[in-house]
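Q: Please take a close look at one part of this model, the lining of a pocket. Then set that pocket among the other features of the chain.

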Amino acid sequence: MVGEPVYITHRLFNEGDGPLQFREGGNQRNRLGRFDDYNVRILSEDGRVVPAVDSSPNFGGISWVPTIAAKESFAHELFLPHWGELLEPGTYTIHSERTYSTRAGADDHWSGDGGTEVTVRAETTIAVMPASSEAMGQRIAEIGREMFAQVESDTRTQAWQKMGAIADPRVIPFYGKAMASRQYSQVSSALTALANFKEDAALTCMEGAMKLRGPDLVGDFARPELAESSADNLRQHAAHALSSSPNPKAFARLLTMSADSYPGVRLTVLHAIASQRPKDARRRVTAFTKDTSEMVRGEAQRYLREF
């Protein structure tokens, strides 16, 4: 269905009689978290190439060496919206290609360098049905249940990623549930998604993180200061979300964080003021020149010179 995010599976089979190793990862530190060594092309049924999604910049990433037993396989789930948007109904052909660095055997010390290069190509088709508000509502509800269900972690991870790719305000209540959990990872992921919605309901959800403190968070923190540091990070994330929110009320909410105890939050507010330039921008920026943080004071002085 148009607008429904899906995964496709790129599978590497070991047809040999012994174990096979290959290097995985090393290029997934990009804005999408996409494994860029997979080359995915999507063609519509009339042969048009679906515009590719840009994942840059890329900062490398952790790599590791999986081992595939004889006659077994390794599957990598590819999140299709990270390679292209299927905006029209129809049948699409998906081409996936990956060059692997491989070696026969099972060596715990092999880094993945200097292996035999093997290029694997795969092709499949996907039928995309016309958009349906009713069907999408049902799908959102299903994905929402998976986000919080006691299921395999991969299923929950995929559910969160799918929900994040749906531009439908009916997803907002599920992010509200995540905010209410007070669990660091859920609140952080919810803030990222909520920043894309103009609805007041999304703004209300984001407000839930504006005053978080260490004792508010749910989780096992070795020391109280670690919980407090995590709360600082979430408030800064909330400030970033408010600064990019399309809701016209978000900027006013952000300004209320000008005196936050964490310098990162105050710096985010300062950047937003300098970028949006409200009528009283100079007065507000000038106030930051007296901030207790040298970094915040320096940025405020720089902005005043640019006004």
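A: Start with the lining of the second largest pocket: nine of its residues are nonpolar, four are polar and five are charged. The model is predicted, and everything below is computed from it. This second largest pocket has a volume of about 250 Å³. Its lining holds 18 residues, and R48, V50, E85, L87 and Y92 come closest to the centre.

Now set the largest pocket beside it. About 1700 Å³ of space lies in the largest pocket. Its lining counts 50 residues, with F79, H82, Q161, G164 and A165 nearest the centre. Two strands and two helices each give two or more residues to this lining: β7 (73-79), β9 (116-128), α2 (153-164) and α4 (184-194). The largest share comes from α2, with seven residues. By type, the lining of the largest pocket splits into 30 nonpolar residues, twelve polar and eight charged.

Next, the frame around these pockets. The protein chain has 307 residues, of which 41% count as buried. Its secondary structure comes to ten helices and nine strands. Along the principal axes, the C-alpha atoms fill a box of roughly 70 × 50 × 40 Å. Take the contacts between residues at least 6 apart in sequence: 71% of them join residues at least 24 apart.

Then the nonpolar interior. The largest nonpolar core has 54 residues, and Y175 and L194 have the most contacts inside it. Helix α8 (residues 263-276) gives the largest share of this core, seven residues. Another core lies apart from it, with 19 residues, including V2, I8, W83 and L86. Back to L194: beyond its neighbours within four places in sequence, L194 is in contact with I172, Y175, M179, A202, C205 and M206.

Two single residues deserve a stop. One is T102, placed in strand β8 (residues 90-104). T102 has a relative accessible area of 8%, so it counts as buried, the cut-off being under 20%. With neighbours within four places in sequence set aside, T102 is in contact with L20, Q21, F22, W110, G115, T116 and V118. The other is S230, found in helix α6 (residues 224-244). S230 is buried too, because its relative accessibility is 14% and the limit is 20%. Outside its neighbours within four places in sequence, S230 is in contact with Y184, L217 and F221.

Finally, the charged pairs. The structure holds 22 salt bridges. Consider D36 and R34. These two form a salt bridge whose closest N and O atoms are 2.6 Å apart. R34 is buried, at 10% relative accessible area. D36 counts as partly exposed, because 27% lies between the cut-offs of 20% and 50%. So this salt bridge joins a buried arginine, R34, to a partly exposed aspartate, D36.

K198 and E199 make another pair. Their closest N and O atoms are 3.7 Å apart, and they form a salt bridge. K198 has 56% relative accessibility, over the 50% cut-off, so it counts as exposed. E199 counts as partly exposed, at 23%.

R302 and E306 add a pair within one helix. Both sit in α10 (residues 294-306), four residues apart, which is about one turn of the helix. Their side chains meet in a salt bridge with an N to O distance of 2.9 Å. R302 is partly exposed, with 28% relative accessible area. E306 is also partly exposed, at 46%. Both values fall between 20% and 50%, so neither residue counts as buried or as exposed.

Salt bridges can also link up beyond a pair. E4, R139 and E142 are joined in a network of them.

To return to the pocket that opened this answer: R48, V50, E85, L87 and Y92 are the residues to look at around its centre. For the largest pocket, look at F79, H82, Q161, G164 and A165.

Conventions
Residues are numbered from 1 along each chain as its sequence is written. This is a predicted model: local features need pLDDT of at least 70, side-chain atom pairs count only at pLDDT 80 or more; totals for chains, interfaces and linings use all residues. Side-chain values use heavy atoms; hydrogens and water are left out. On a 1 Å grid over the protein atoms alone, a cavity is a set of points where a 1.4 Å probe fits but cannot get out, and a pocket is an open set with protein on both sides within 12 Å along at least five of seven lines; lining residues have an atom within 4 Å of a point. Grid points are joined across faces, edges and corners, and a volume is the space filled by probe spheres set on the points. Ala, Val, Leu, Ile, Met, Phe, Trp, Tyr, Cys and Pro count as nonpolar, Asp, Glu, Lys and Arg as charged, and the others, Gly among them, as polar. A nonpolar core is a set of buried Ala, Val, Leu, Ile, Met, Phe, Trp, Tyr and Cys residues joined through side-chain atoms within 4.5 Å. Buried means under 20% relative accessible area, exposed over 50%, partly exposed in between (1.4 Å probe, protein chains only). Contact means heavy atoms within 4.5 Å. A salt bridge is a side-chain nitrogen of Lys or Arg within 4 Å of a carboxyl oxygen of Asp or Glu.
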